[in-house]
Structures are given as structure tokens and as C-alpha cells.
Amino acid sequence: MKQAWHAKLSLYVVATVWAGASLAQGSANTGGIYACTDANGRRITADRPIASCVDREQRVLGTTGVELRRVGPTLTDQERSAQEAKRRQDQAEQQRLREERSRDRAMLARFPNQGVHDAARAEAIAQVNDVIGVAQQRQVDLKERRRKLNTELEFYQNDPKKAPANLRRQLDDNTDSQAEQQRFIKQQEEEKQRINQRFDAELQQLRKLWADQTPTAPRAP
């Protein structure tokens with residue numbers, strides 16, 4: 001009788017140990033015990049993600065009850081799309097900031113102070129002025145050439161239609177060339193305005209960068 005009772009007790013202990021080991025093994029295979037409080041306020045635990053808590057955060061516990069990690073709520077397709085769009089937007093903004101900082105560093109390296117920037121502006125304007133000067137000289141030459149052609153045309157002032165075709169063609173070419181030079185000079189004047197606007201915008205940005213680089217004097221004790 002006593003031996004039978006001991007045998008039953010041994011079988012019970014073995015079964016209990018085996019069940020506990022199986023539960024621990026099952027929890028290890030699924031990554032822990034999931035725990036949450038559902039929308040009705042019920043506290044639920046399971047060896048896998050809990051379906052009634054997909055809309056809320058779930059705690060993942062180890063076999064000793066220590067929290068291993070937390071699993072966020074399952075997102076809908078629309079929510080995942082919005083999250084992905086937000087992630088791309090954040091990445092684009094970070095890239096923009098990196099590029100902006102890179103441009104700022106390059107600008108500071110090129111223009112360490114306003115004197116260097118002013119000299120660069122003057123040089124850019126001088127180059128355009130040189131081009132304008134060449135065009136203006138070309139205009140002077142064209143006007144002188146026109147004066148000579150007009151002198152030849154005076155022989156036919158009574159009937160300009162009798163002027164040679166070559167002379168009429170030269171007059172037309174001279175008129176077109178003078179108009180072209182005037183347009184070119186106007187374009188170069190507009191280019192000078194664009195250069196000044198660009199340097200003005202750069203100077204405004206550079207003043208901020210220079211100010212950020214200026215060390216702050218220590219306060220007197």
C-alpha cells in the first residue's frame with residue numbers, strides 16, 4: 001500500500017516537472033510570454049502574440065517573469081503607409097540638412113571673411129564689364145562703318161533704289177549687327193544684376209555663419 005502511494009507520488013512529480021519544462025520550452029520557442037490588458041480591461045497572457053491586443057502594446061516576459069521587450073501595436077495598411085511616408089520624409093529632411101551643412105562648410109572655406117567675399121564680387125562684376133567693354137567697342141566700329149556706308153549711299157540719295165545690291169546688303173547687315181550688340185549689352189547688364197543679387201544672398205547667409213564662428217567672450221567673474 002505504502003509502495004503504491006510512493007509510486008503514484010513519483011509519477012506526479014515527474015509529470016509536473018515535465019509539464020513545467022514543456023511550458024518553458026514552448027515559451028522559449030515563441031520568444032517569451034506575451035502579456036497585455038485588452039480593451040475590456042482584462043489582463044491576458046499567452047505564449048504567442050495576443051489577437052485581442054493587436055491594437056495596443058504587448059509585453060514579452062521571460063520564464064522568470066522579467067520583461068524582455070515590448071511589441072508595438074499591429075498597424076493597418078493605411079497606418080503602415082503613413083509611417084513609411086513619414087520615415088521617407090524624415091530621411092529626406094535629414095539629407096537636406098546634411099547637404100545644407102556641407103554647403104555652409106564649403107562657403108565658409110571659400111569666404112572666411114567679408115573682405116574675401118567683396119573681392120570675389122568685384123572680380124565677377126569686372127569680368128562682365130570687360131565683356132561689355134568689348135561689345136561697346138564693337139558698337140563704335142559698327143557706327144563708324146555705318147557712317148562710311150551712308151556716305152556711299154549719298155550718291156544715290158535721289159533714288160536709293162539704284163544703290164548697288166552689295167551696298168544695300170551691307171547697310172542691312174550693319175543695322176542687324178548694331179541691334180544684336182545692343183541686345184547683348186543689355187543681357188550683360190542684367191547678368192551684373194543677377195551676380196549682385198547672388199552675392200547679396202550669400203552675404204546674408206555668410207554673416208550668420210561668421211557670427212556662429214565668433215567665439216563668445218568669457219564673462220567677468
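A polar contact, as I use the term here, is a pair of N or O atoms within 3.5 Å, where within protein one atom must be able to donate a hydrogen and the other to accept it. I keep in mind throughout that this is a predicted model.

**Entry 1: Q58**

I looked up Q58 and found it in strand β3, which covers residues 58-61. I then asked whether Q58 is buried or exposed. Its relative accessible area is 5%, so I noted Q58 as buried, the cut-off for that word being under 20%.

Next I asked which backbone atom lies 3.0 Å from a polar atom of the Q58 side chain. I found that it is the backbone nitrogen of I50, and the distance falls within the 3.5 Å limit for a polar contact.

I also listed what Q58 touches, leaving aside residues up to four places away in sequence, and wrote down Y34, A35, C36, P49, I50, C53, R69, R70 and V71. I50 thus appears in my notes both as a contact of Q58 and as the residue whose backbone nitrogen lies 3.0 Å from the Q58 side chain.

**Entry 2: salt bridges**

I turned to charged pairs, since side chains of opposite charge can pair when their charged atoms come close. The count I recorded for the model is 16 salt bridges. Among the residues involved, E57, R59, E67 and R70 are linked in a network, and R70 is also one of the residues that Q58 touches.

**Entry 3: pairs within helix α2**

I checked E84 and R87, whose side chains meet in a salt bridge at 2.2 Å, N to O. Because they are three residues apart in helix α2 (residues 77-110), about one helical turn separates them. I noted E84 as partly exposed at a relative accessible area of 30%, and R87 as partly exposed at 38%.

In helix α2 I also looked at R96 and E93, which are three residues apart and therefore separated by about one helical turn. Their side chains form a salt bridge with an N to O distance of 2.6 Å. R96 is partly exposed, with 38% relative accessibility, and E93 is partly exposed, with 34%.

**Entry 4: a pair within helix α4**

Finally I asked where R194 and E191 sit, and how many residues apart they are. Both belong to helix α4 (residues 165-213), and being three residues apart they are separated by about one helical turn. Their side chains meet in a salt bridge at 2.8 Å, N to O. I recorded R194 as partly exposed at 44% relative accessible area, and E191 as partly exposed at 28%.

Terms used. Residues are numbered from 1 along each chain as its sequence is written. This is a predicted model: local features need pLDDT of at least 70, side-chain atom pairs count only at pLDDT 80 or more; totals for chains, interfaces and linings use all residues. Side-chain values use heavy atoms; hydrogens and water are left out. Helices (H or I, at least four residues) and strands (E, at least two) are DSSP runs, numbered from the N terminus. Buried means under 20% relative accessible area, exposed over 50%, partly exposed in between (1.4 Å probe, protein chains only). Contact means heavy atoms within 4.5 Å. A salt bridge is a side-chain nitrogen of Lys or Arg within 4 Å of a carboxyl oxygen of Asp or Glu.
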